[in-house]
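Please look through the structure below with the sequence beside it. The paragraphs that follow go through some of its parts in turn.

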Amino acid sequence: MSAWVLPDHIADVLPSEARHIEELRRDLLDMARCYGYELVMPPLLEHLESLLTGAGRALDLQTFKLVDQLSGRMMGLRADSTPQVARIDAHLLNRQGVARLCYCGPVVHTRPAGPHATREPLQFGAEIYGHQGLEADLEILQLALDGLKAAKVQSVCVDLADARIVRAVLQGVAADAALLAQVHQALASKDRSELAALTQGFPGASRQALLALVDLYGDASVLAQAQTVLSAFPAVGEALSSLRWLASHLDGVAVSYDLADMRGYGYYSGARFSMYAPGANDALVRGGRYDQVGAVFGRNRPAAGFSLDVKALVGAIEPRTLHAAIRAPWGELPAMRGAIAALRESGETVVCVLPGHESEIDEFHCDRELVQLAGQWVVQAV
């Protein structure tokens, strides 16, 4: 095998895409800062028991594992940053009241999330801790939407769900984790026949409710239908009220509902959302409420947040145009070098053409050049 061939779903990022990814990363972090979110940088490697404790257990199959050469203990490459940020909130910050944290860094997956997905996403996320009310859920939703707006994503659709609905229907059902995982998968894929086969031994009310959930997706009429069909489960009513309230505060975007949606990580505990846009292979953003995520670290705080893959987001939007640049000759004249330094200090991109390379392709599409006129170095249009 050639030495330059990379593993499946792992790729180099070339200059034009890397520039776009970096600009978008900065825009997302700046947007989070505008909301008052503080940047944290969790480690890429941690002891395995820390990464896969509590809510992180669902990440076991997605986590690369290795032996620490210093301690001999097992370590893991993070597959998701949310449990790490919960640890930071619980132990390192240990603040009273609300804490707003954001992050952006690579995560590594043993398997891709989809046919076109990378196994090395650049995960951006924001988390708010310490507030139980829906105001926190709404703030996270609005921050995610503003992030997509900053990325110039068009025609965003917000798909709302609530983890409490399926859990209420399954309350008291005697089924092991493997069977429940199959039920969740059948619900997500809307496979009624598979769901009917899997739930043959379930109590009648729960089985009928699960089969009804297969069709409970679409516009706002779904909520009224669910209120009737799932009336035997009191906890569902509170979840539906939450979804109505959140939707009523989302202006300028299409809102849909999928009450059977249990995709993504299993730590969600309340309202959850996915954001879609034309041209994207999957949801661009996933998030919601996950109040138990910090419990294993000894601080069970209310929490809500979202995450997205910056690489996937770049692939779903139009490439950005390059900032205007200035072409300059290479030379040792103090006046010319001083002029170049002054331009760079003012924020301009100045590309010096090295001797013998004058005819090569201009990667920065310079629209101006530095020339000497009447003994002065000045910038003029090409």
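The model shown here is predicted. A reasonable place to begin is with the cysteines. The sulfur of Cys102 has its closest cysteine sulfur in Cys104, at 8.8 Å, which is too far for a bond. Cys366 is in a similar position: the closest cysteine sulfur belongs to Cys352 and is 10 Å away, again too far for a bond. A disulfide is a covalent bond between the sulfur atoms of two cysteines. For a pair to count as one here, the two sulfur atoms must lie within 2.5 Å. The structure as a whole holds zero disulfides. Both of the cysteines discussed first are buried: Cys102 has a relative accessible area of 2%, and Cys366 has one of 9%.

Next come the aromatic rings. How many aromatic pairs does a search of the whole structure find? The search finds two. One of them is formed by Phe124 and Phe306, whose ring centres are 6.0 Å apart and whose planes make an angle of 55°, so the pair is classed as tilted. This pair links distant parts of the chain, as Phe124 belongs to strand 6 (residues 122-129) and Phe306 to strand 12 (residues 303-309), 182 residues apart. Both Phe124 and Phe306 are buried. A ring is also involved in another kind of arrangement, in which the charged end of Lys190 sits over the ring of Tyr217, 5.3 Å from the ring centre.

Now turn to the helices. Helix 1 (residues 15-34) packs with helix 4 (residues 134-150) at an angle of about 145°, and the two axes are 9 Å apart. The crossing of helix 1 past helix 4 is right-handed. On the helix 1 side, the contact is made by Asp27, Leu28, Met31 and Ala32. Helix 4 contributes Leu143, Asp146, Gly147 and Ala150.

Helix 5 (residues 163-170) is mostly covered, with six of its eight residues buried. Which residues of helix 5 are buried? They are Ala163, Ile165, Val166, Ala168, Val169 and Leu170. These buried residues pack against several elements: two strands, namely strand 7 (157-162) and strand 10 (271-276), and three helices, namely helix 6 (177-188), helix 8 (204-213) and helix 10 (234-248). After helix 5 comes Gly172, which has a positive phi, near 85°.

Methods
Residues numbered from 1 in each chain as written. Predicted model: local features only at pLDDT ≥ 70, side-chain atom pairs only at ≥ 80, totals over all residues. Heavy atoms only, no water. Buried < 20%, exposed > 50% of the residue type's maximum accessible area, 1.4 Å probe, protein only. Helix = DSSP H or I, 4+ residues; strand = E, 2+ residues; numbered from the N terminus. Contact = heavy atoms within 4.5 Å. Phe/Tyr/Trp six-rings, centres within 6.5 Å; stacked < 30°, edge-to-face > 60°. Lys NZ or Arg CZ within 6 Å of the ring centre and 35° of its normal. Axes fitted to C-alpha atoms, helices over the stretch in contact; angles between N-to-C directions. Left-handed = near helix turned anticlockwise from the far one by under 90°.
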